[in-house]
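This report walks through a single chain and its ligand, from the parts of the fold to the surroundings of one chosen residue. Please keep the sequence and the structure in view while reading.

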Amino acid sequence: MAAKQPQFSPKQVASALQASESSVKRWCDQGAISTIRTVGGHRKITLDALQHFLRSSNRPLIAPQALGLSANRVATEGMIPGGQDHDQKLFRTALAQGDEDACRRILRMRVGLGASRSEAADFLITDAMHGIGEAWDCHRVDAYQERRGCEICTRLLGELRNELPPMPATAPVALGGTLSGDPYQLPTTLVELSLRESGWDAMNLGSNLPAESLLRAVSDHRPRLVWLSVSSIEDADQFVRQENLLAEKIGDDVALLIGGRGLTDEIRPKLRYTAHCDSLRNLVDFAFMMRMQG
Ligand code: B12
């Protein structure tokens, strides 16, 4: 049997939204908040109806305690925007609530049903982190939920990576990360997982790396492919200088692949690279072609 939904009076909802009770009653009567009536004729608002209203009106819930619920519960149940797939919804809610075991179960189930590890991770983690970012932007989740989500995803990606068989000594080497000023860790970790699953001995060097250090890694490990994940650019001129230096020094026989949401149409023409990939799928196809060419 389905659990009974919590129900609230217009007065409680008004306090939680910090709006007047008469406004809430008006929204109920206009149909903006779907309402049920008690036998005595009083308006009652379910948690589902309230969440639907918050999403459609883009209003924040300023005082969830007025509903007698934890901010966590109200903020996460159905409040993280994203893909319509059932697993995506479950995963992002669990992630926002910090339920690591549930996240692991959903991820494992998709892998068990035949998705590659990186596809399953991209499908669930990217969707969830984008949703948490949007919810954070609208004050529907707190910064700690975003940080905790990141930590959980990093651990899950580490587990997926560790399950892969060891790379044969003949596997081509790839390495990459993010340049100075870019703190984003998950995209570059996902790139590493995708490449390892595609038969590359891929090494994620992490985030915030000076170009000189990346170049030292190139000279130490002799990769055939270097990737740059670009989510955030602190200082555009400095970034372009660092990227150009990298492109110049890695050598003509090393492919430089770039990707990430920080690569705007304005910045891209100033960069030097072999290919710009707009998705992990795109990267895997390119990396496959490179391996085929020997
Ligand atoms: C986690 C997070 C952070 C964390 C990151 C922690 C960490 N250790 O990684 C921290 C706390 C550092 C942070 C800080 C900030 N953040 Co932030 N953050 C996020 C969040 C929620 C998730 C990022 C993430 O991991 N996404 C998951 C990855 C997997 O998705 P992805 O980046 O899209 O990557 C995919 C593709 O781009 C591609 N890809 C990426 N790289 C590459 C490389 C190659 C080679 C290829 C092929 C593909 C590829 O593949 C990936 C998988 O599909 C995003 C929301 C979002 N939309 O992503 C906000 C978000 C990016 N942050 C935002 C903001 C505003 C900030 C801050 C300014 C907040 C503040 N006031 O301090 C700072 C700025 C920091 C900085 N220097 O840039 C905004 C940016 C808005 C904008 N217009 O740019 C966002 C969009 C949230 C929002 N909706 O407002 N953030």
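Helices (H or I, at least four residues) and strands (E, at least two) are DSSP runs, numbered from the N terminus. The model is predicted, and the descriptions below should be read with that in mind.

## Domains and their contact

The domain assignment divides the chain into domain 1 (7–69), domain 2 (86–163) and domain 3 (173–292). The centres of domain 2 and domain 3, taken over C-alpha atoms, are separated by 24 Å, and 13 residues of domain 2 are in contact with 10 residues of domain 3. On the side of domain 2 that touches domain 3, the elements giving two or more residues are H7 and H8. The residues on that side of domain 2 comprise seven nonpolar, three polar and three charged ones.

## The parallel sheet

An open sheet is formed by five strands in the order S5-S4-S6-S7-S8, with parallel pairing. Its edge strands are S5 and S8 (275–276), each of which pairs on one side only.

Strand S4 (residues 173–177) is mostly covered, with four of its five residues buried. S4 is joined to strand S5 (residues 201–204) by four bridges, and the two run parallel; Gly176 has Asn204 of S5 as its bridge partner. Between these two strands the chain passes from S4 through H9 to S5, in a β-α-β crossover that is right-handed. Four bridges also join S4 to S6, again in parallel, and here Gly177 stands opposite Leu228 of S6. S6 in turn pairs with S7 in the parallel sense over five bridges, where the bridge partner of Trp227 is Leu257 in S7.

## The shell around the ligand

The ligand is surrounded by 30 residues, of which the closest are Gly133, Pro187, Ser232, Gly259 and Gly260. Two or more residues of this shell come from each of helix H7 (117–137), helix H8 (143–163), helix H9 (186–197), strand S6 (225–229), strand S7 (255–259) and helix H12 (280–292). H7 provides the largest share, eight residues.

Sorted by class, the shell around the ligand holds 15 nonpolar, nine polar and six charged residues. Both domain 2 (86–163) and domain 3 (173–292) take part in the shell, each giving at least three residues. H7 and H8 therefore deserve a second look, since by the DSSP numbering of elements these helices appear among the contributors to the ligand shell and also on the side of domain 2 that touches domain 3.

## A charged residue in helix H11

Glu243 lies in helix H11 (residues 236–249). Is Glu243 buried or exposed? A residue is taken as buried if 20 or more other C-beta atoms lie within 10 Å of its own; Glu243 has 22 C-beta neighbours inside 10 Å, and therefore counts as buried.

Which residues does Glu243 touch, not counting those up to four places away in sequence? They are Leu179, Leu228 and Leu271. Of these, Leu179 is 64 residues from Glu243 in sequence, yet the two are 8.1 Å apart in space, C-alpha to C-alpha. Leu228 was met above in the sheet, where this residue of S6 stands opposite Gly177.

Key. Residues are numbered from 1 along each chain as its sequence is written. This is a predicted model: local features need pLDDT of at least 70, side-chain atom pairs count only at pLDDT 80 or more; totals for chains, interfaces and linings use all residues. A residue is near a molecule or strand if its C-beta atom, placed from the backbone, lies within 6 Å of it. Ala, Val, Leu, Ile, Met, Phe, Trp, Tyr, Cys and Pro count as nonpolar, Asp, Glu, Lys and Arg as charged, and the others, Gly among them, as polar. Domain bounds come from an automatic or database domain assignment. A residue is buried if 20 or more other C-beta atoms lie within 10 Å of its own, exposed if 12 or fewer, and partly exposed in between; C-beta atoms are placed from the backbone. Two strands pair if DSSP finds at least two bridges between them. A crossover is right-handed if, with the strands pointing away from the viewer, the path from the first strand over the helix to the second runs clockwise. Two residues are in contact if their C-beta atoms, placed from the backbone, lie within 7 Å.
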